[in-house]
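Colleague: Could you give me a close look at how the helices pack in this model, and then set that packing in its wider context?

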Amino acid sequence: MSYIYFDQAASSFPKPPKVGEAVLEAITEYGANPGRGGHTLAVRANDVIFNTRKKLAMMFGERNPDNVCFYLNATQALNQAIQGIQFEEGDHVISTSFEHNSVRRPLERLKETKAIKVSYIEPKVNGQTLLELVEQQINEKTKAVVVSHGSNVTGTILPVEEIGKITKQHGILFIVDASQTAGILPIHMTDMNIDILAFPGHKGLMGPQGTGVLIIKEHVDLVPLIYGGTGSHSEDIHQPLKRPERFESGTLNTPGIAGLLAGIEEINSIGLDHIYEHEAKLTTYCIGKLSEIEGIRMFGPGLNEPRLAVISFTIEGIDVHEAAMILDQHYHIAVRAGLHCSPLTHSIMGTNQVGTIRVSFGLYNTIEEIDRFIEAIKEIKSFF
Ligand SMILES: Cc1ncc(COP(=O)(O)O)c(C=O)c1O
């Protein structure tokens with residue numbers, strides 16, 4: 001029985017064949033150290049890295065490719081973004097209850113080490129919208145707003161363009177975690193007034209694991225988290241001011257970035273519209289089928305609201321981890337169970353004690369796979 005992969009929100013799988021080919025080519029044909037020498041192979045590696053920066057800058061509405069910095073994942077990029085801000089005691093940050101721990105934990109750490117204050121906005125408190133709540137929370141100490149573009153638990157899409165208008169008006173730094181949306185929804189940093197954008201290369205952009213990206217607008221001054229060799233300005237005892245070197249100490253993941261370039265090219269040739277439409281079709285179909293099963297409780301936006309291809313649900317009387325294990329072992333279907341690194345979201349949904357089962361779809365998933373999954377859920381239910 002072929003294996004079904006419904007854990008695309010954690011990492012996309014399978015990757016387009018060209019991604020694997022590009023990784024192999026880097027390893028076998030030119031795997032030298034980019035930016036660490038003038039020889040032919042180093043130059044070739046550097047060209048691939050620069051082309052990837054250029055493609056990413058273009059895709060996300062940034063003029064200067066040198067402002068695109070590579071990390072190993074979104075978590076590292078987000079840590080650089082959040083902990084790189086020069087906070088003073090009493091500074092205030094606005095974030096949301098949707099955040100992943102890769103945003104929340106750095107913020108909580110800064111509460112302890114720098115005595116900053118953080119407001120986590122809950123959507124639709126007392127009927128107020130998220131935008132009204134952001135506006136309401138802003139005070140003279142507010143230095144940054146950090147939000148996830150899309151929830152990895154519920155699939156909710158946050159109104160980043162509208163939040164960007166508010167932060168611009170108040171002169172506040174706007175940081176967006178696009179982990180669930182890069183490669184799925186259009187994002188234009190300049191038009192959306194996003195100052196810092198972080199995302200993984202290994203999810204929607206179809207790159208290999210070990211790739212993450214931080215795009216930092218020219219006017220934003222961050223303190224690097226890591227210091228060391230940059231292959232340039234070696235005589236200087238200080239970290240160079242020049243980007244991307246300032247934020248990229250140590251050897252880059254050339255094979256991973258070569259694979260990411262192939263992933264981006266594939267995404268661009270298919271088109272974001274087509275990808276979103278395909279995923280929306282699968283999501284609508286799956287929600288419809290799940291809602292016909294008694295005892296299933298789903299969380300997140302309604303069917304007619306725009307959302308990501310992420311569905312969280314519980315099955316009455318069945319432990320979520322047990323259900324996920326049976327789906328994997330018996331039906332060969334990969335889903336994720338638990339809190340999905342976002343405990344605040346679960347607190348608001350009332351599922352923080354039990355968690356949810358999460359299915360998430362991608363480019364290569366099909367309606368037939370969802371049919372097989374629905375049959376499996378019905379069968380599991382009948383056993384309990
Ligand atoms: C919203 C969100 N932010 C951040 C991350 C962390 O991404 P990475 O695993 O690349 O560090 C994830 C991963 O699931 C996520 O869903």
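Modeller: The account below begins with the helix contacts and moves outwards to the domains, the loops and the ligand.

The model is predicted, with local features requiring pLDDT of at least 70 and side-chain atom pairs counted only at pLDDT 80 or more, whereas totals for chains, interfaces and linings use all residues. Residue numbers start from 1 along each chain, in the order in which its sequence is written.

Helices (DSSP runs of H or I, at least four residues) and strands (runs of E, at least two) are numbered from the N terminus. Helix 7 (residues 254-270) packs against helix 2 (residues 40-59) at an angle of about 40°, their axes being 9 Å apart. Such axes are lines fitted to C-alpha atoms over the stretch in contact, and the angles run from 0 to 180 degrees between N-to-C directions. Helix 2 is therefore oblique to helix 7, given that angles under 35 degrees count as roughly parallel, over 145 as roughly antiparallel, 65 to 115 as roughly perpendicular and the rest as oblique. The crossing of helix 2 over helix 7 is left-handed, meaning that the near helix is turned anticlockwise from the far one by less than a right angle; clockwise would be right-handed. Helix 2 contributes A45, V48, I49, N51, T52, K55, L56 and M59 to the contact, and helix 7 contributes T254, I257, A258, L260, L261 and I264, a contact being two C-beta atoms, placed from the backbone, within 7 Å. These residues comprise 10 nonpolar, 3 polar and 1 charged, where Ala, Val, Leu, Ile, Met, Phe, Trp, Tyr, Cys and Pro count as nonpolar, Asp, Glu, Lys and Arg as charged, and the others, Gly among them, as polar.

Helix 7 also packs with helix 1 (residues 17-29), at about 150° and with the axes 8 Å apart. Helix 1 is therefore roughly antiparallel to helix 7, and the crossing is right-handed. From helix 1, K18, V19, A22, V23, E25, A26 and I27 meet T254, P255, A258, G259, L261, A262, G263 and E266 of helix 7. By class this contact holds 9 nonpolar, 3 polar and 3 charged residues. T254, A258 and L261 of helix 7 thus appear in the contacts with helix 2 and helix 1.

The domain assignment, whose bounds come from an automatic or database source, gives domain 1 (4-14 + 271-383) and domain 2 (17-270). Their centres, taken over C-alpha atoms, are 27 Å apart. In the contact between them, 26 residues of domain 1 meet 27 of domain 2. On the domain 1 side, helix 8 (272-291), strand 10 (310-315) and helix 10 (343-349) each supply at least two residues, with helix 8 giving the most, 5 residues.

Two loops next to these helices carry cis peptide bonds. The bond from F13 to P14 is cis, with omega near -5°, and P14 lies in the loop between strand 1 (4-5) and helix 1. R243 and P244 are likewise joined by a cis bond, omega about 5°, P244 being in the loop between strand 8 (212-216) and helix 7. Most peptide bonds are trans.

Finally, 14 residues lie around the ligand, of which N73, T75, N152, S179 and P200 come nearest; a residue is near if its C-beta atom, placed from the backbone, lies within 6 Å. The shell has 4 nonpolar, 9 polar and 1 charged residues.
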